[in-house]
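Please read the sequence alongside the three-dimensional view, and follow the description below one region at a time.

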Amino acid sequence: MAELTLTGLAKHFGKTAALQSVSTTVENGEFLALLGPSGCGKSTLLRLLAGFEQPSEGSIHIGAQEVANAATGRHAAPEDRNIGFVFQSYALWPHMTVRRNVGYPLEIRKLPRAEREARIDAALAATALQPYADRMPSDLSGGQRQRVALARCLVSDPTAVLLDEPLANLDVALRASMQEVFCDFHQRTGATMVYVTHDQAEAMAMADRIAVMNEGRIVQLDTPEALYARPRSRFVAEFIGDGTVVPLSGPQHSGTSCEASLLGTRLPVKTDSPSPTLACLRPENLAIAETGDIRAQVARATYLGGRYRLDLVATTGDALVAQSLTRYAPGSQIGLTLTPPWAFAAA
Amino acid sequence: MTRAIAYPSSSRSEGRLLTLVLGLAILVTLAPVARLFHEGLTAGGGLNPGFLAEVLAKPATRSALWHSLVTAGLGTLISVLIGGVFAFLVALTDLRRKAALVFCLMIPMMIPPQITALSWTQVMGPSSVFLKTLGLAPPLGAPQPLYSPGGIILLLGIQHTSIIFLTLRAGLRAIPQDAVEAARISGARGLRIWWQVVLPLTLPSLLGGIAITFVTALGNFGIPAMLGIPAGYATLPTLIYQRLAGLGTAVLAEVAVLAMLIGAVAIAGILLQRFFHRRQRLHLTGAGGRALMIPLGRARLPVEIALWLMIAAILVLPMAGLLATSLVPAYGVPLRLDTLSLDGWHEALFRQPATRRAFVNSFLLSAGAAALLMALCLPLAWLMERHKTRAGQLFDSLLDLPYALPGVVLAIAMILLLINLPFTEATLYGTIWIIFLAYLARFLAVMFRPVQSSLRQLDPAMDEAARAVGAPLWRRLRDIILPLSAPAAAAGAILVFLTAFNELTVSALLWSSGTETLGVVIFNLDDSGETVMASAVAMTIVLVVMFLMAVIQLTSRHLPKGVVPWQS
């Protein structure tokens, strides 16, 4: 186990920059999720860590060992890094049985036969795969294949496990159970794990910390709770969770509290910025009250099962999202009261 | 985020190995072609455009060029007519026994052209054993109708039907059913769908197929040699052959110019085909739907009968003629139970030392070429796929050249390159090695492309997973890449063997006494009037070819898509 340190990392493909000046540290034993929309550079970052790509700038350390450095041209090949990698496509070798797939890393390391068999059996047991040991990968279901891939990377005690959207090809029910498998695996082994996904629910459910990426940069790295409650940019506020971002003006600090103008009225806001300019309004910040001093018109009501999501337009023209237990016809006027929203400076 | 392209991944040992095998492959395939162009441009010392113009201005050159263009052009037209009908019906309708039909349609392509020519002359003309047996032979002294431009055109057309068929069928299969369904929902009906949807979508593959058929027909040597030389009708390949056979290496510079001329036309055709191929890919991206399937209804049985009659006419009939000729005691005798004789077979296969030598030569040459090319192409294709170097990409676009160029052109190039080995007095001309090296150059593409297509379908994660668990280069090649591409490599090897075993165009100019190949033996036997023996050897080769094709067909279930050329 080791921590991963990235310093000023960048990767260019031709003229396009897939990754720009990424510096961060993944703590020893941490489960870090890389979250972002398609093309944000999260898979590139993972492949740099694995050594499938060489960085254009910057360096990577695994533990104390420098594995890549663009300035000195140092590049440890993936086969020399002792990392585990779980592929989106599972990448099981179709011509080998489950047992041989799992045992191949040990074959490479020339372990004595008895120890090899023992470790394969342990890995198969940990992933509940013993009954399938002599099957071919083509005879397995998607979830079973993913477990084989996990067993294969578990068997050789890697210093870190990198996972590239491992659940993207599975159906919803299977995803939930595989999430448990990954979390159990992380708790039991204490391995440093870096997990790429575009599904925020997946990242929130499993990760210790989430690095939200956009256009080749990490825009915010925080715990799931902090990302949701205290976004630091419009992108994160809109990307994570439901809600809208509205402009605010005239923030006035008094002691630990702060008040600002938004939606046409003065309201208390929560902030740690001396001069916030935007507020993130989650549905739970809004309560529907006939006496509310903020007026809005319902643009659309969407039934979510047990409750409705209301898309609103405030009199100031700002879009808002609220939740309600009753249906409102589009066009109806409603009043709102606000609990203090999170305010931040536009980055 | 998905990875659309295989990212280059670098490792020094892979880079070094790539440089090594790529260098070897370039030396084998492109050095002869480069040498030829050098000779053509500098014939007579220095850059000499005068010599070029002089050769090109000769009446013989001009008429041969014209003959080549006419026969290849009209032959392509016949291929388009037959192959097009078959492709549309096989790809888009609910015909039965499609696999058998396609297999039979492929046989003419796999049978060497000189045998095609020989077998057709056996069903026509005054000496035809076949016609005599049926009592239909024209009177003695009547001309052989196939010894004419028309005969050459007809047989070129039949020989290359399957190229049109294969390219067009692939294009038609790529049309998703919903493209046609969308047209019908929009109100298009009947011929309008064909005219406005199906045809525009298949046009690039059809044009690409036409270009490559034309190039292949242009380079064909066996048919114009067997039919045109007796008629005094020379095309460029036969003109080159006659010049060189008559005057020896003294006219090398002149034939180099002729070879360049035909090479230039061929390259134009290849570029055209590439252009259309790219166009097509642009059209049909992400066509994942089911392929079209049009019910023929009551017309199905008549259509099936018509197609099988066509197969009978272009495959069974000439083979029957060939078989009949091989079974008579002397050429011209009608085949009856009392005249039936295996003497021709016995004499040709067991007595004639040249035939025996040729069998051994052809077998060793083609098996050796297949084995060596497999060993070269596997690492080459994989490393080129993983490391997109500029040299690799250039090689990828040029490696078809020795296969696409007419065989005589390649033969001339080999002679120029090897008649004097650099820095020595030694020569490979007249030895079997010049034929072997020519085969390596010519058939590298045949081996490389199936392996490449199978490796392209291989998930790059297969290799990356092995790297991540610490497998070094040679372990990955042995444990992952080799087993996963072995079926394609085997199919490629059989194809190389098949094409090399039958080949005449290259060896026609490179053989000498003792290094005959089977193609040369048949050509020489027929040339010296031993038609019965020629037919017996030819029949043997046809049986070997059909046997090997059947082997591939039967194992095709275990092969990745796109490896067996006549299946898609």
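In this predicted model, strand 7 (residues 83–86) of chain A runs parallel to strand 8 of chain A, and 4 bridges join the two. One of the pairings that can be located directly is that of Ile83(A), whose bridge partner in strand 8 of chain A is Ala160(A). Strand 8 of chain A is also joined by 5 bridges to strand 9 (residues 192–197) of chain A, again with the two strands running parallel, and here Val161(A) has Met193(A) of strand 9 of chain A as its bridge partner. Strand 8 of chain A, helix 5 (residues 172–189) of chain A and strand 9 of chain A together make a right-handed β-α-β unit.

Strand 8 itself, which spans residues 160–164 of chain A, is mostly covered, with 5 of its 5 residues buried. Ala160(A), Leu162(A) and Asp164(A) point one way from this strand, whereas Val161(A) and Leu163(A) point the other way, and all of them are buried.

Elsewhere in chain A, an open sheet of 3 strands has the order 13-14-15, and its pairing is antiparallel. Strand 13 (249–254) and strand 15 (265–269) of chain A stand at the edges with a single partner strand each, so one side of each is left without a neighbour in the sheet. From one strand to the next, the twist averages 25°. Strand 14 (residues 257–262) of chain A is joined to strand 15 of chain A by 5 bridges, the two running antiparallel, and Leu262(A) has Thr265(A) in strand 15 of chain A as its bridge partner.

Turning to chain B, helix 4 (residues 98–110) and helix 8 (residues 161–173) of that chain pack at an angle of about 130°, with their axes 8 Å apart. An angle that is over 115 but not over 145 degrees counts as oblique, and helix 4 and helix 8 of chain B are therefore oblique to each other. Leu105(B), Met106(B), Pro108(B) and Met109(B) in helix 4 of chain B meet Thr161(B), Ser162(B), Ile163(B) and Phe165(B) in helix 8 of chain B, a contact that by class has 6 nonpolar, 2 polar and no charged residues.

The two chains also meet, with 21 residues of chain B in contact with 27 residues of chain A. On the side of chain B that touches chain A, the elements that give two or more residues are helix 21 (460–468) and helix 22 (473–502) of chain B, and the largest share, 6 residues, comes from helix 21 of chain B. The residues on that side of chain B divide into 12 nonpolar, 4 polar and 5 charged.

Conventions: Residues numbered from 1 in each chain as written. Chains lettered and ligands numbered in written order. Predicted model: local features only at pLDDT ≥ 70, side-chain atom pairs only at ≥ 80, totals over all residues. Pairing = 2+ DSSP bridges. Axes fitted to C-alpha atoms, helices over the stretch in contact; angles between N-to-C directions. Contact = placed C-beta atoms within 7 Å. Nonpolar A, V, L, I, M, F, W, Y, C, P; charged D, E, K, R; others polar. Parallel < 35°, antiparallel > 145°, perpendicular 65-115°, else oblique. Buried ≥ 20, exposed ≤ 12 C-beta atoms within 10 Å, placed from the backbone. Right-handed = clockwise from strand over helix to strand, strands pointing away.
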